[in-house]
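Please open the model in your viewer and keep the sequence panel beside it. The tour below gives one selection at a time and says what to look for there.

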Amino acid sequence: MNKTQKWILWAVLLTILALYPIVFGIYYSNVFVTFAIFALFAVTLNLLLGYTGLLSFGHAMFFGTGGYGTAIALEHIEGLPLLPAVLIGVLAAVALALILCPIMVRVSGTAFAMLHLAFGQLMYVLALKLRVITGGEDGVGGFPIPPFSIPGILSIDMTNPLNFYYFAIAVLGLSIWFIWYFTKTPLGSVMVSVRDNDNRVAYMGFMVPQTKAIIYVLAAAFAGVAGSIYALFQNLIAAGDGFHILVSFAPIMMVMVGGIGSFFGPIMGAAIFGIIEELTSRYTERVELVMGLILILVIMFAPLGFLGFLRYIKERWFGKRPDMTTTEDVA
Amino acid sequence: MNILETRAITHDFSGLQVLLDVNLEVKAGERHAIIGPNGAGKTTLFNVITGTYRPSEGEVFFKGKDITGFKPHKLVRLGMGRSFQITSTFSRMTAFQNIRMGILSKRGIRFNMFRILDKMQDVTAETDEVLKRINLDGERNVPAGMLSYGKSRSLEISMAMATDPELVMLDEPTAGMSKDETHHAVELIRRLTEGKTLVIIEHDMDVVFSLADRITVLHLGTILASGAPADIRADQAVKDAYLGEMEV
């Protein structure tokens, strides 16, 4: 793809995103915002799972911390502007990651997964029990949503769903773009080699724990962004939405279904989940039942996920060998 | 001047004595082979020197500096490189990407997250140059795990040298190779270690005697003999313990 084509593609994509709420209406715009939140959340999990080879059963704790951080800040600090509120949520998630990372970067495999399960559940229980701060089961809700403002220049009302759609898509889209950029940098390539052979990385002169720590904090920070936007979007964050074990499992399933290891797989997975949830919830409340079934089918018949399946079809029917230069993306 | 020196290295794995009072001296610029029967402690000695284990007792000196207990990444930055007996490449990354890791490390690009790696022309050019030198330019975009055995061993050896170390430590580089592949590997090692110091563990006596200027024989965790190839060949103790069985 040359430069002109790239610019045209970007222009088309931005136009679609801009016109989407006007064409499909507010209801589907909100569906799209939910999708985008979980797409970013799944991309941050994939940074750990697909790129660094670390499976976490407690990724929700960063999502929840981001959400609670923003919500509690807006509840207690009067006149707090929008972006600093998001930033407080992100910093809360980063703080949690910094506390955990000295332990987490030194373990991998089952220990990494189970420690996250433990700390994830701990955060869930804390959110339920520290009623004074977190509101217990009811969570923190009804906090004021400040306008997006640049002092003296403009002030955009964020309680208007259309305005919020543009704000959310911009923040989430930029975050995903930043993570994509990160995977292409030298540090991103060290990350992939840690997944392949962490022992050899050290013998090539790289500091493995420190590298893992940066990736870990980065994944937590952007999971915090997703959580923060989620809290603003719902104007509510509760333990069940933020810290529940299913919130940890959702991105894992999205990554598995969409395509593990490839950058755009998790986004695809989030889209597939969004569509399925939208369709099944019209008929039944048991959305998880359908999701579980799909996960089983994917693991049995398309272990590399939706994108892996597409790649397989392309190879099978069009006789096109997968491009060897992109193998770093294939788990 | 000794580039590498171990002083009274003793190492045991919870009671199992593997190394006992090992005093190894490697002069700068020499090609030094460590030989000995299986279980003599050769790889353990390597692991102690390159920072995998901290020795139970004794010290390791590199370029006159006490490096006992240094971590591998630190030793690499001081100018040491090692390869592994069991191929230890980044199997899902291409040959190019494998070598590029070494080039990045050599240039000190370790935590850069602000530039796109593929657009760093100088890194790409240098990596391609290395690939050409090791005859892997034809396999540039093949994942390391899909290379033929001989090629993946070449990659393994070259990765140890991609960081441009002064001291290269190769652990049985020709293990499992055919006669032909061994010949090519020896040529490769000779070419790549030009002007560097080489310490090599090897079982193939043809390789040892064609490559080494000095040989150290390790037997049951101690140094049995150390000297020029001709002296080692003539040494009665070495013949009894090791070479005798090998019809040299």
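The stops that follow are in chain B, with one look across to chain A. The model is a predicted one.

**Stop 1: strand 1 and its partners**

Select residues 2-13 of chain B, which form strand 1. Add residues 16-22, strand 2 of chain B; strands 1 and 2 run antiparallel and are joined by 4 bridges. For a fixed point in this pair, pick His11(B), which stands opposite Leu19(B) of strand 2.

Next add residues 25-27, strand 3 of chain B, which is joined to strand 1 by 3 bridges, again antiparallel. Here Leu4(B) has Val26(B) as its bridge partner.

Now add residues 57-62, strand 5 of chain B. Strand 5 runs antiparallel to strand 1, with 5 bridges between them. Two of the pairs to label are Glu5(B) with Phe61(B) and Thr6(B) with Val60(B).

**Stop 2: the turn at Ser14(B)**

Go back to strands 1 and 2 of chain B, which form a hairpin with 2 residues between them. Select Ser14(B), which lies in the loop between these strands. What is the sign of phi at Ser14(B)? The value is positive, near 30 degrees, in a residue other than glycine. Most residues other than glycine have a negative phi. Is Ser14(B) buried or exposed? Ser14(B) has 4 C-beta neighbours inside 10 Å and therefore counts as exposed, since the cut-off for that class is 12 or fewer.

**Stop 3: a second hairpin**

Keep strand 5 of chain B selected and add residues 65-66, which are strand 6 of chain B. Strands 5 and 6 are antiparallel and are joined by 2 bridges. Phe62(B) is the bridge partner of Lys65(B). This hairpin has 2 residues between its strands, and Lys63(B) takes a positive phi near 55 degrees.

**Stop 4: the open sheet**

Select strands 7, 8, 9, 4, 10 and 11 of chain B. Taken in that order they make up an open sheet of 6 strands with mixed pairing. Which strands are at the edges? They are strand 7 (80-82) and strand 11 (222-227) of chain B, each of which pairs on one side only. On average, neighbouring strands of the sheet are turned by 15 degrees against each other, direction ignored.

Zoom in on strand 4 (residues 31-35) and strand 9 (residues 197-201) of chain B, which pair in the parallel sense over 4 bridges. In this pair Arg31(B) stands opposite Leu198(B).

Then show residues 42-49, helix 1 of chain B, which packs on the sheet. Helix 1 touches strands 4, 7, 8, 9 and 10 of chain B. Its direction makes about 145 degrees with that of strand 8 (167-171) of chain B.

**Stop 5: helices 5 and 6**

Select residues 149-162 and 179-192 of chain B, which are helix 5 and helix 6. How far apart are the axes of these helices? They are 11 Å apart, and the helices pack at an angle of about 15 degrees. Helices 5 and 6 of chain B are therefore roughly parallel to each other, because angles under 35 degrees are counted that way. The crossing of helix 5 past helix 6 is right-handed.

To see the contact, show the side chains on both helices. Helix 5 of chain B contributes Gly150(B), Arg153(B), Ser154(B), Ile157(B), Ser158(B) and Met161(B). From helix 6 of chain B come Glu181(B), Ala185(B), Leu188(B), Ile189(B) and Leu192(B). By class, this contact has 6 nonpolar, 3 polar and 2 charged residues.

Before leaving, select Asn135(B), in the loop between helix 4 (121-133) and helix 5 of chain B. Asn135(B) has a positive phi near 60 degrees and is not a glycine. With 13 other C-beta atoms within 10 Å, Asn135(B) is partly exposed.

**Stop 6: across to chain A**

Finally, show both chains and colour them separately. How many residues of chain B are in contact with chain A? There are 31, and they meet 25 residues of chain A. Select helix 2 (72-78) and helix 3 (95-106) of chain B, each of which supplies at least two residues of the side that touches chain A. The largest share of that side, 5 residues, comes from helix 3 of chain B. The residues on this side of chain B divide into 15 nonpolar, 10 polar and 6 charged.

Terms used. Residues are numbered from 1 along each chain as its sequence is written. Chains are lettered from A and ligands numbered from 1 in the order in which they are written. This is a predicted model: local features need pLDDT of at least 70, side-chain atom pairs count only at pLDDT 80 or more; totals for chains, interfaces and linings use all residues. Axes are lines fitted to C-alpha atoms, for helices over the stretch in contact, and angles run from 0 to 180 degrees between N-to-C directions. Angles under 35 degrees count as roughly parallel, over 145 as roughly antiparallel, 65 to 115 as roughly perpendicular and the rest as oblique. A crossing is left-handed if the near helix is turned anticlockwise from the far one by less than a right angle, and right-handed if clockwise. Two residues are in contact if their C-beta atoms, placed from the backbone, lie within 7 Å. Ala, Val, Leu, Ile, Met, Phe, Trp, Tyr, Cys and Pro count as nonpolar, Asp, Glu, Lys and Arg as charged, and the others, Gly among them, as polar. Two strands pair if DSSP finds at least two bridges between them. A residue is buried if 20 or more other C-beta atoms lie within 10 Å of its own, exposed if 12 or fewer, and partly exposed in between; C-beta atoms are placed from the backbone.
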